[in-house]
Amino acid sequence: MRAAIVAHDFGAVFFLARQLAKISYSKIAAECDIKPERVGTLARGQGRITSFDKIVTIADALHIPGRLLGLAPRAWEPGTAPGHAPTASAHTTPATREGNETVLRRELFKASAGAGLVLGLPELTRIKAGRHIGGDVPDQLRHRTARLRRLDDVLGGGDTYRVYLGEYQATKTMLREGSYTEETGCALLSVLSEQAQQAGWAAFDAGHHADARSLYEDSHQAAVEAKDAALAGNALASSPTRRSTRTGPQG
């Protein structure tokens, strides 16, 4: 949960809130002042929320500390000077909203504990590589991927899929938009291949077999482009759509 928040992946936040804390999309929509169908679309990985005002609304509705989103401390955070109350949703009265936020906050904290805090997530904050990608970034991403793999020890694919998919998509964006040397590019492609396998296994475990097949195909393609024959072979051999008896993703 915390990794999704730091990445501003609100679709993953909504998805995890429903999967882990059993908070309905309609309830999330009412508190965040978003149409329910939009919440569902975001949770399926389609689209992003980039509006500053909407991010602030979500932070206050779900009581996400401002520092995790690059915002100033929110009015409700301990130690914050009084004077600016969170904006109330147009669909709820202040009294109703306060009660709902108490429930949401408790449930989201419970979800966060199960989804990520067992890993010590401060070390998993988003890597800001910038426009130029240094040669050390692939190693950082590979270490991050290995740490995130520990989620498999406590959660199933239904809980980890969106987190792993978000990591994979972030690296794809880095490859597409960043500038780097050929050597760094090959290393990034190798990491991308590993991340695709990780997300592919989680997708299969969650019952999303078509997504799993596509991710393992992407993994194989990235490994071929990286000229990593061993990783390419592993993508083919360990695909859960080809082998139905596995204990987890290959490391």
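Thr 171 is where I will start. At 1% relative accessibility, Thr 171 counts as buried, since the cut-off for that is under 20%. Its place is in helix 8, which covers residues 157–177. What does Thr 171 touch, leaving aside its neighbours within four places in sequence? The contacts are Leu 141, Leu 188, Leu 192 and Gln 195. I should say now that this is a predicted model, so please hear everything that follows as computed from that model.

One of those partners, Leu 141, takes us to helix 7. Helix 7 runs over residues 137–148, and Leu 141 is among its buried residues. The others buried there are Val 137, Pro 138, Arg 144, Thr 145, Arg 147 and Leu 148. So two arginines are in the buried set of helix 7, Arg 144 and Arg 147. Its length can be checked: at 1.5 Å a residue, the twelve residues should span 16 Å, and the end C-alpha atoms are 16 Å apart, which agrees.

Next, helix 9, residues 182–205. Ala 199 sits in this helix and is buried, with a relative accessible area of 0%. Not counting residues up to four places away in sequence, Ala 199 touches Tyr 161, Tyr 164, Leu 165 and Leu 215. Ala 199 is also 8.1 Å from Thr 160, C-alpha to C-alpha, although 39 residues separate the two in sequence.

Leu 215 brings in helix 10, because that residue belongs to the helix 10 side of the contact with helix 9. How do the two helices lie, parallel or antiparallel? Their axes come within 8 Å and cross at roughly 165°, and the pair is therefore roughly antiparallel. The crossing is left-handed. On the helix 9 side, the residues that meet helix 10 include Leu 189, Leu 192, Ala 196, Ala 199, Trp 201 and Phe 204. On the helix 10 side they include His 209, Ala 212, Leu 215, Tyr 216 and Ala 223. By class, the residues of this contact divide into twelve nonpolar, five polar and two charged.

Helix 10, residues 209–225, also holds Val 224. At 48% relative accessibility, Val 224 counts as partly exposed. Its C-alpha atom is 9.0 Å from that of Ser 190, and the two residues are 34 apart along the chain.

Now to the other end of the chain. Helix 2, residues 10–21, packs with helix 5, residues 52–62, at an angle of about 25°, with axes 12 Å apart. That makes helix 2 roughly parallel to helix 5. The crossing of helix 2 with helix 5 is left-handed. Phe 10, Val 13 and Phe 14 of helix 2 meet Ile 55, Ile 58 and Leu 62 of helix 5. This contact has six nonpolar residues, no polar ones and no charged ones.

Helix 3 covers residues 25–32, and its buried residues are Tyr 25, Ile 28, Ala 29, Glu 31 and Cys 32. Asp 33 follows helix 3 and has a positive phi, near 60°.

Last, the whole chain. What is its secondary structure? There are eleven helices and zero strands. Of its 251 residues, 47% are buried. Among contacts between residues at least 6 apart in sequence, 62% join residues at least 24 apart.

Definitions and conventions. Residues are numbered from 1 along each chain as its sequence is written. This is a predicted model: local features need pLDDT of at least 70, side-chain atom pairs count only at pLDDT 80 or more; totals for chains, interfaces and linings use all residues. Side-chain values use heavy atoms; hydrogens and water are left out. Axes are lines fitted to C-alpha atoms, for helices over the stretch in contact, and angles run from 0 to 180 degrees between N-to-C directions. Helices (H or I, at least four residues) and strands (E, at least two) are DSSP runs, numbered from the N terminus. Angles under 35 degrees count as roughly parallel, over 145 as roughly antiparallel, 65 to 115 as roughly perpendicular and the rest as oblique. A crossing is left-handed if the near helix is turned anticlockwise from the far one by less than a right angle, and right-handed if clockwise. Contact means heavy atoms within 4.5 Å. Ala, Val, Leu, Ile, Met, Phe, Trp, Tyr, Cys and Pro count as nonpolar, Asp, Glu, Lys and Arg as charged, and the others, Gly among them, as polar. The expected span of a helix is 1.5 Å times one less than its number of residues. Buried means under 20% relative accessible area, exposed over 50%, partly exposed in between (1.4 Å probe, protein chains only).
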